[in-house]
Amino acid sequence: MCGIAGTADTTPAAPVLYHLLHALQHRGQESAGIFVWDGTSVQKQKGYGLVSEVFSDADLKRFTGTVGIGHVRYPTTGGSKPENIQPFHFLFRGHSLSVVHNGNLVNTEALRDEYAGRGVTFSSTSDTEVIGTVLAGELVKGKSPEDAVLFALQKLSGSYAVICMLDGQLFGFRDPLGIKPFCMGKTKTGGYILASESAALDAVGAELLRDVRPGEFVLVGTDGIVSSQLVKAESPAHCIFEYIYFARPDSILDGVPVYDVRRKTGEILARESSAAAEMVSPVPDSGTASAVGFAKQSGIPFREALIKNRYTGRTFILPSQEKRELGVRMKLNPVRSHVQNRSVILVDDSIVRGTTAKRILSLVRDFGAAEIHLRIASPPVIAPCYLGTDFPTREELISSAKTVDEVRNTIGASTLVHVSLSGLIEASGLPKESLCLGCLTGVYPLEIAGEICEKKKMCVYRR
């Protein structure tokens with residue numbers, strides 16, 4: 001996961017970055033960092049915790065520059081180590097390069113070995129440091145940022161949305177498949193913002209200009225944003241799980257409103273698999289839009305069976321199983337009068353490990369529900385994600401080795417139905433070939449050792 005942001009404006013960068021990262025907090029809660037260019041050097045601060053815990057008002061006032069980048073982290077590659085907290089910083093021949101990244105490389109070790117063989121020493125286990133090393137290796141040769149990015153686009157394999165700050169100049173790029181979301185916006189004072197999601201732009205009153213295209217390089221200059229399409233795939237492979245769970249429902253990803261996808265998914269799910277029940281309830285918050293659609297399509301009344309404690313984080317992205325289970329208990333509490341002696345349809349976004357679903361159903365049953373029909377707004381997650389989602393092994397995925405009925409027995413649902421893959425694709429409004437569906441099908445859009453691949457052809461626009 002992770003959330004990235006960058007700004008170049010005439011106003012101080014740090015407060016803007018703080019609010020951008022706060023709006024992206026759902027993408028990572030382990031750590032946060034902000035780097036700002038003060039005209040001669042980089043002012044830095046990063047650490048473990050939420051954005052509000054890492055930065056105080058006094059910290060933000062200490063930053064003086066108008067160009068900066070920021071990051072909120074959820075660890076995938078590299079694990080949870082202080083040296084992996086972003087942004088990363090590189091110094092070479094009088095130049096300063098700072099880098100933030102959302103995504104996951106699948107050739108990290110090969111690149112690390114290659115550059116280590118050239119004498120490069122790595123200080124972390126993060127693939128972001130590898131990306132920065134590749135870029136710095138070209139910039140040190142005197143190449144322009146655009147040429148360095150062109151080289152990187154042909155060298156890196158995986159998912160990546162990247163923002164860089166080179167001597168106070170802001171630029172960014174997105175992998176040729178556009179797996180992770182990335183957009184650009186314009187501020188009311190004439191500056192520009194690069195960010196993971198459009199909801200972050202809304203938080204600071206910026207206008208969404210458009211998404212950064214897959215394989216595109218964007219440079220924020222004195223006259224605005226200059227862009228170059230450097231590499232183009234025959235079709236993109238946008239991560240379907242962004243629409244299912246990751247992204248905020250108020251974001252627009254690659255021209256598609258996330259809320260609409262989730263609502264339509266719920267409508268299709270009801271069409272495919274309604275049930276005789278007295279109420280439809282979401283598992284908040286990521287199941288809410290789908291539950292709204294389900295209730296509308298089925299005609300069954302919408303009512304909240306579960307109330308969310310707003311002061312807890314997202315249980316899926318907590319870094320250990322024990323913390324996830326504790327997080328569920330702290331996060332949700334049933335409304336007894338709504339569920340007691342009733343037949344309830346619960347709508348959730350997905351079942352990954354089964355931990356959350358089992359605990360939620362147990363809670364609702366303990367509060368007296370007569371029947372609990374679980375409806376899931378995604379097909380079963382059957383395969384690992386190598387591209388930035390924390391589904392690292394099939395052994396962790398409850399649906400990988402179990403049938404739907406076996407999963408139903410394990411988690412204790414009266415009935416369990418997932419939306420069909422075709423239904424989810426229909427709800428997205430995107431063609432199947434424009435989506436990465438690897439976690440749902442076991443077929444990936446790029447080469448991954450030991451997995452089935454339908455590799456997309458690439459065209460290099462500029463050499």
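**Exercise 1.** Which strands does helix 10 lie across, and at about what angle does helix 10 run to strand 18?

*Solution.* Keep in mind that we're working with a predicted model. Start with the helix: helix 10 covers residues 288–298. Next, look at what sits against it: helix 10 lies across strand 18, strand 21 (343–348) and strand 22. Finally, the angle: helix 10 runs at about 165 degrees to strand 18.

**Exercise 2.** Work out the strand order of the open sheet and name its edge strands.

*Solution.* Walk across the sheet: its four strands come in the order 18-21-22-23, with parallel pairing. The edges are strand 18 (279–282) and strand 23 (415–418), each of which pairs on one side only. As for twist, neighbouring strands here are turned by 20 degrees against each other on average, direction ignored.

**Exercise 3.** Zoom in on strand 22: find its pairing with strand 23, then the helix that runs at about 150 degrees to strand 22.

*Solution.* Strand 22 spans residues 371–376 and pairs with strand 23 in the parallel sense, over four bridges. Within that pairing, Leu 374 stands opposite Leu 416 of strand 23. The helix is helix 13 (residues 355–366), which lies across strand 21 as well as strand 22.

**Exercise 4.** Is Tyr 259 buried, partly exposed or exposed, and which surface patch does Tyr 259 belong to?

*Solution.* First place the residue: Tyr 259 is in helix 9 (residues 258–273). Its relative accessibility is 33%. Buried means under 20% and exposed means over 50%, so Tyr 259 counts as partly exposed. On the surface, Tyr 259 joins Val 292 and Phe 302 in a nonpolar patch, with about 230 Å² of accessible area together.

Terms used
Residues numbered from 1 in each chain as written. Predicted model: local features only at pLDDT ≥ 70, side-chain atom pairs only at ≥ 80, totals over all residues. Heavy atoms only, no water. Pairing = 2+ DSSP bridges. Helix = DSSP H or I, 4+ residues; strand = E, 2+ residues; numbered from the N terminus. Axes fitted to C-alpha atoms, helices over the stretch in contact; angles between N-to-C directions. Contact = heavy atoms within 4.5 Å. Patch = residues over 30% accessible without salt bridge, like charges linked within 9 Å, V, L, I, M, F, W, Y side chains within 5 Å. Areas by Shrake-Rupley, 256 points an atom, 1.4 Å probe, with all protein chains shown as cover. Salt bridge = Lys/Arg side-chain N within 4 Å of Asp/Glu carboxyl O. Buried < 20%, exposed > 50% of the residue type's maximum accessible area, 1.4 Å probe, protein only.
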